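This report covers aromatic ring pairs and backbone outliers in a predicted model.

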Amino acid sequence: MDRGSYAAAAGMFSGQKAINVLANNVANVTTAGYKSQSTVQSTFAEYMISRMSTNPRIAEAEIGAGAYITVNDGQFTDFTQGIFETTNRTVDMAIQGQGFYVIQNANFGQVLTRNGQFELDAQGFLTLPGVGQVLNNGGQPIQLTGSEFTVNPNGTIIQNGAQVAVLNISTVANGDELTQVGEGYFQAENGFQPAQAGSFSLLQGILEKSNVNMTDQMSDMIARQNNFTSCTQMLKIFDKISEIASNTIGRVG
């Protein structure tokens, strides 16, 4: 009976976390460059094995393979390309292919994002509103004299007939090394390196939309809510059984 209660409670905790992630995806469906998130669940035994030893044989011998609850083991980010939307704003840019823009953030230092919905601030610096200044390939902010400029596919910015900057388009060896620290921007755990020439193409006047599929998200949301409701009902049943066992069956005389 205790095992059933633990399983139901674990299902509620895992379900709530999954619902929160799905809700965040839905809230960011219109955020340019946003990448869909999902939770990764595993059994308690698998989780303990991964925590206690890098040698599964040793861990399994100590813990045993039996597991009756699940835990949220992590969060997965889907980095597939989002669809493009033409805006005709010169400060809007989209990356076709690999790579991220590098932004100087006040709280997290240099962060990576696919959101190219930029603006020019009062001093003419190219910025991503709410995140920070866009950096060039020398790690410096990009300052322009106005919004009339051209961006070449390789990231070179041309203004008044002269090259003024090259956008820092960088990548990481493994997407698992990226930790989301804000809506659509990430910290690279082991650093990042310039994206190889030819692996990307800059598109000016175009935005990459989020890759959130609303149909899938709503379907998952309904399934998760039904699962959460089932777990709460299970917990009520086990609680009732415990009450009967204590007050009725255990009564003497």
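## Aromatic pairs and positive phi

Across the whole structure, a search finds 3 aromatic pairs. One of them joins F79 and F100, with ring centres 5.9 Å apart and planes at 90°, so this pair is edge-to-face. The two residues come from distant parts of the chain, 21 residues apart: F79 sits in the loop between β2 (70-77) and β3, while F100 belongs to strand β5 (residues 100-105). F79 is partly exposed, with a relative accessibility of 29%, whereas F100 is buried at 8%.

Another pair is formed by Y101 and F118, whose ring centres are 4.9 Å apart and whose planes meet at 80°; because planes over 60 degrees apart count as edge-to-face, this pair is assigned to that class. Y101 is in strand β5 and F118 is in the loop between β6 (109-113) and β7 (119-120), so the pair ties together parts 17 residues apart in sequence. Y101 and F118 are both buried.

Ring pairs also connect F79, F100 and F186 into a cluster.

The backbone outliers are two asparagines. N88 has a positive phi without being a glycine, and N160 likewise has a positive phi although it is not a glycine. Their values and places are listed below.

| Residue | Phi | Loop | Relative accessibility |
|---|---|---|---|
| N88 | about 65° | between β3 (84-86) and β4 (93-97) | 67% |
| N160 | about 55° | between β11 (156-159) and β12 (162-166) | 74% |

Are these residues buried or exposed? N88 counts as exposed because its relative accessibility of 67% is over the 50% cut-off. N160 is exposed as well, with a relative accessible area of 74%.

How values were computed:
Residues are numbered from 1 along each chain as its sequence is written. This is a predicted model: local features need pLDDT of at least 70, side-chain atom pairs count only at pLDDT 80 or more; totals for chains, interfaces and linings use all residues. Side-chain values use heavy atoms; hydrogens and water are left out. Helices (H or I, at least four residues) and strands (E, at least two) are DSSP runs, numbered from the N terminus. Buried means under 20% relative accessible area, exposed over 50%, partly exposed in between (1.4 Å probe, protein chains only). Rings of Phe, Tyr and Trp (its six-membered ring) pair if their centres lie within 6.5 Å; planes under 30 degrees apart count as stacked, over 60 as edge-to-face and the rest as tilted.
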